[in-house]
Amino acid sequence: MYRFLLTPRWWGINVFVLLAIPFCVFMGSWQLSRFEARVDDSRDAKAQAESARTEAARPLAELLPVDKATVGRQVTATGRYAEQLLVPDREVDGKKGSYVLTLLRTDGGEALPVVRGWLPGSPDRSRIPAAPSGEVTVTGALQASEQPGDNGVSARGGLPAGQTAAISAASLVNLVPYDIYDAWMTLTTADRGMTTVPASAAPGTGLDLKAFQNLGYTGEWFVFAGFVVFMWFRLLRREVEFARDAALGIVPEEPTGPAVTVVQDEASTPVR
């Protein structure tokens, strides 16, 4: 009854099933490992943020370039404040407002973007507190350059003069005539009249939408594997039932229909 399994058609089906199931299991396991890695990164980022609050600040040059190991670390930099910008549509404690971003010109000529604090309400440059004059030394949490699509980072353009959507060298280099560090800092304590902006975790280390997409893909791949097994058993069952019916002499009848008679119109027969 099961001789049909040796036919070329079923050889093809069996080979496909034997390849599809391990592939689906492998892809599901890989997606699960990606989710677990993001969970571990999120846990490590939180632990790093907690330890960074109590550690001594280090010079900026020692922590560059910014990576997952240095994001959130306390850093210190010396220079003179220059241009001030607003970063609109940023939330602090559930309220919308703007970051006050001031560029700190260092002795090397490059400028470090420094978030001096946060102001509630709509962006208004007249409300920005004046930056300290002369040479200053600032301390805060080191942050990686933002990318459109990150948490709270808008991708819209066409902002008024004196505003920027993202804090990054790529966006700021078009607004000022000097080089920008590929990093920024948020002050540990905001300047007077503003709210301190908390440090954020490194990109890709939080339990964001991408992390839960990995978890969803895990479930999909395992469902696909189960579906392949289900369809194989269903095809097998149908083939066995057909073979059993054929052995018992029960075969499906050929479809029959009414006889069709073709009548030729005599008038249409040409007369010779």
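Strand 3, residues 95–105, is mostly covered, with eight of its eleven residues buried. The model is a predicted one. The protein has three helices and six strands, and read from the N terminus their order is α-β-β-β-β-β-α-β-α. This briefing starts with strand 3 and its partners, then turns to single residues, salt bridges and the surface.

**Strand 3 and its neighbours**

- Strand 2, which covers residues 74–92, is antiparallel to strand 3 and joined to it by nine bridges.
- Within this pairing, E91 stands opposite K96 of strand 3.
- Strand 2 and strand 3 form a hairpin with two residues between them. In that turn, D93 has a positive phi of about 55°.
- Strand 3 also pairs with strand 4, residues 111–120, in the antiparallel sense and over nine bridges.
- G97 stands opposite P120 of strand 4.
- The hairpin of strand 3 and strand 4 has five residues between the strands. G109 takes a positive phi there, near 100°.
- As a general point, side chains in a regular strand alternate between the two faces of the sheet.

**T102, a residue of strand 3**

- T102 lies in strand 3 and has a relative accessible area of 0%. T102 therefore counts as buried, since the cut-off for that class is under 20%.
- The side chain of T102 makes a polar contact of 2.7 Å with the side chain of Q84.
- Beyond its neighbours within four places in sequence, T102 is in contact with residues including Y81, A82, E83 and Q84. L112, P113, V114, R116 and A131 are also among its contacts.

**Salt bridges**

- The whole structure holds four salt bridges, and three of them are described here.
- E146 forms a salt bridge with R90, and their closest N and O atoms are 2.8 Å apart. E146 is in the loop between strand 5 (135–143) and helix 2 (169–172), while R90 is in strand 2, so this pair ties together parts that are 56 residues apart in sequence. Both E146 and R90 are buried.
- R116 forms a salt bridge with D191, with 2.6 Å between the closest N and O atoms. R116 belongs to strand 4 and D191 to the loop between strand 6 (184–187) and helix 3 (209–247), so the pair ties together parts that are 75 residues apart in sequence. Both R116 and D191 are buried.
- R58 and E62 meet through their side chains in a salt bridge of 3.4 Å, N to O. R58 is partly exposed, with a relative accessible area of 38%, and E62 also counts as partly exposed, at 48% relative accessibility.

**Surface**

- L6, W11, V15 and L19 form a nonpolar patch on the surface. Together these residues have about 450 Å² of accessible area.
- L19 is part of helix 1, which spans residues 8–52. Its relative accessible area is 58%, and because the cut-off for exposed is over 50%, L19 is classed as exposed.

**The protein as a whole**

- The protein has 272 residues, of which 35% count as buried.
- Its exposed area is about 17,100 Å², and carbon and sulfur atoms supply 58% of that area.
- Among contacts with a separation of 6 or more, 67% are between residues 24 or more positions apart.

Technical notes
Residues are numbered from 1 along each chain as its sequence is written. This is a predicted model: local features need pLDDT of at least 70, side-chain atom pairs count only at pLDDT 80 or more; totals for chains, interfaces and linings use all residues. Side-chain values use heavy atoms; hydrogens and water are left out. Helices (H or I, at least four residues) and strands (E, at least two) are DSSP runs, numbered from the N terminus. Buried means under 20% relative accessible area, exposed over 50%, partly exposed in between (1.4 Å probe, protein chains only). Contact means heavy atoms within 4.5 Å. Accessible areas come from the Shrake-Rupley method with a 1.4 Å probe; for residues, only the protein chains shown count as cover. Two strands pair if DSSP finds at least two bridges between them. A polar contact is a pair of N or O atoms within 3.5 Å; within protein, one must be able to donate a hydrogen and the other to accept it, and residues adjacent in sequence count only if both atoms are side-chain atoms. Patches are made of residues with over 30% relative accessible area and no salt bridge: like charges are joined within 9 Å, nonpolar side chains (Val, Leu, Ile, Met, Phe, Trp, Tyr) within 5 Å.
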